[in-house]
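Subject: Structure handover and notes on side-chain contacts

Dear colleague,

I am passing on the structure we spoke about, and below it you will find my notes on its side-chain contacts. Please read them with the model open beside you.

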Amino acid sequence: MAQTQADDIVTEPFVELVERIADEADEGFFHTAAQLVVVRDGECLLDTAVGRTHLHEPFTRDTLSALYCTAKPIVAAAVLRLVAEDELSLDDRLGDVVDGLDAPWIADRTVEQVLGHTAGLHVMNTVLARILPERSREGWLTASEPPMAWRFGTDRAYAEFGGWYLLGKAIESLTDQPYETYVRDAVLAPYGVDPDDLVVRFDPEGFDRLHERISATFDLTMDQAVPLLAEVGPETACEWNPAFGTYGTMSAVATFYQGLLADLDGADLVLPADLLADAVTARLPIAHDVTLDREAGFGLGFMTPLSSHFFGDGPSDRAFGHAGQGGTSFAMADPESGVVLAVLFNAGLDADTALSFRRVNLVDAVYRALAQG
C-alpha cells in the first residue's frame, strides 16, 4: 500500500493507480514525487501526494511547485474578467492597452490573437526569456522581429512567453493594480482558491513565510537528474512573470477548475457562461503547430480539444485544460462528465515519454477508475 498522509483522500477505484505512481517515485526513473487530484460533480475522489522532494523530504499535498504553462488559464481568466467588466475587448490592440509598447508589429496584435496563439509571438525564445534579467525582458521583446510570411489571426503556433507577459502588463495598465493583486482578488478569491496554495507571484515576505514548502523540479532529459534549484530561490520565485511564474499545489489548481465548471453552469463567480464557453472552444481547425511540432487546437488561453494534446481517449470533445513544461504538470475539466483532474510530477522528461506515455496512460487510468466508481 502506498504511504500517504493521514488527511489524503484515496477512494477505492484509485488505490491501484496511487500505488503505481508511488512505486515509480521510489524507482526515480520518471519522477520522485507526484500530486494527484480528481473531483467529479463536486466530490473529491482523489487528493494525494507521494514521493520525496529534491531535499529527500516527504512530498505532500501542501508542497508548492513551479507550474510553468499549466497556470496560463489563470492569466486567461483574468483577461476575460476584464472583458466581462467592459474594461477590455478581445479586439483591443496590445498597443492600446499596454503602456509604452513601441514595437509596431507587436502593438498591432489583438488580445484575441494573443490568447488564441495566432499573434506570431512564438518567435520569442522562452529559454532566453528565462536567462535574461527581469529588467531586460521588455526591451528584448520589443526588439524581436515578426515571423516571416505570418498571417496574423489565422496562422497559429503556441507562444510560451511574449504574449502572456504583455497580457500581464495590460492587466496592470487597466486596473492600476499589481498583476498578482488583481488575479488574486478578481479570480482566485471568488473561486475559493487559497492564495498561499496558488501563488501568482511571491513577494519577499510571502517567500520567507512559504519557501520551505517549495520543491524543485528535476530535469530528467539529460544523463543524470538535475534539480532546477533556481525555482526555490527568491530571485526566480519573486520575479514578475505572468507567462510561467506561478507556484501551486494540485489541490488549488483543481479548485480553480471547479470554479470554471461552475461558471460554465451559470454560477457567474468570475466569468459569464457564454464568454467562458467561447474561450474553452477551439477557435480554429486543428492544424500543425510549429512550436509543439504536432497537430493541436486552442481556445482562448486553453488547450482544446484535449485529444490534440495527448490527454488520451477518455476526455470528451468539450474538455479543456492546459499543461506545463516537460509534461511536469497538467490540469483539465470535462463538462460532459463533471470531472476535474490536476496532476503534477516533479520531473520533466523528453516530450515523447512525458506526453504519449506518461500523460496518456495517467489520464486513461483515471477515466478507467472513474468508470468503476
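Trp140 is buried, since its relative accessible area is 17%, and buried here stands for anything under 20%. Please keep in mind throughout that this is a predicted model.

The aromatic contacts around this residue are a good place to begin. Across the whole structure, a search finds 16 aromatic pairs. In one of them, the ring centres of Trp140 and Phe161 lie 6.0 Å apart with their planes at 35°, so the pair counts as tilted. This pair links distant parts of the chain, with Trp140 in helix 7 and Phe161 in the loop between helix 7 and helix 8, 21 residues apart. Phe161 is itself buried, at 0% relative accessibility.

Phe161 also pairs with Phe244, their ring centres being 5.9 Å apart and their planes at 55°, so this pair is tilted as well. Here too the contact links distant parts of the chain, because Phe244 belongs to the loop between helix 11 and strand 8, and the two residues are 83 residues apart. Phe244 is buried, with a relative accessible area of 8%. Trp140, Phe161 and Phe244 are among the residues that ring pairs link into a cluster, which also includes Tyr68, Tyr165, Tyr179 and Trp240.

One member of that cluster, Trp240, has the charged end of Lys169 over its ring, 4.7 Å from the ring centre. Lys169, which is partly exposed with a relative accessible area of 23%, also forms a salt bridge with Glu138, at 3.6 Å from N to O. That salt bridge links distant parts of the chain, as Lys169 lies in helix 8 (residues 162–175) and Glu138 in helix 7 (residues 134–142), 31 residues apart. Glu138 is likewise partly exposed, at 22% relative accessibility.

Turning to the other charged contacts, the structure holds 18 salt bridges. One of them joins the side chains of Arg93 and Asp96, at 2.9 Å from N to O; Arg93 is partly exposed at 29% relative accessibility, whereas Asp96 is exposed at 56%. Another is formed by Arg184 and Asp185, whose closest N and O atoms are 3.1 Å apart, and both count as partly exposed, Arg184 at 35% and Asp185 at 43%. In addition, salt bridges that share partners join Asp7, Asp8, Asp47 and Arg61 into one network.

Finally, the charged end of Arg109 sits over the ring of Phe152, 3.7 Å from its centre.

With kind regards

Notes:
Residues are numbered from 1 along each chain as its sequence is written. This is a predicted model: local features need pLDDT of at least 70, side-chain atom pairs count only at pLDDT 80 or more; totals for chains, interfaces and linings use all residues. Side-chain values use heavy atoms; hydrogens and water are left out. A salt bridge is a side-chain nitrogen of Lys or Arg within 4 Å of a carboxyl oxygen of Asp or Glu. Buried means under 20% relative accessible area, exposed over 50%, partly exposed in between (1.4 Å probe, protein chains only). Helices (H or I, at least four residues) and strands (E, at least two) are DSSP runs, numbered from the N terminus. Rings of Phe, Tyr and Trp (its six-membered ring) pair if their centres lie within 6.5 Å; planes under 30 degrees apart count as stacked, over 60 as edge-to-face and the rest as tilted. A charge sits over a ring if NZ of Lys or CZ of Arg is within 6 Å of the ring centre and within 35 degrees of the ring normal.
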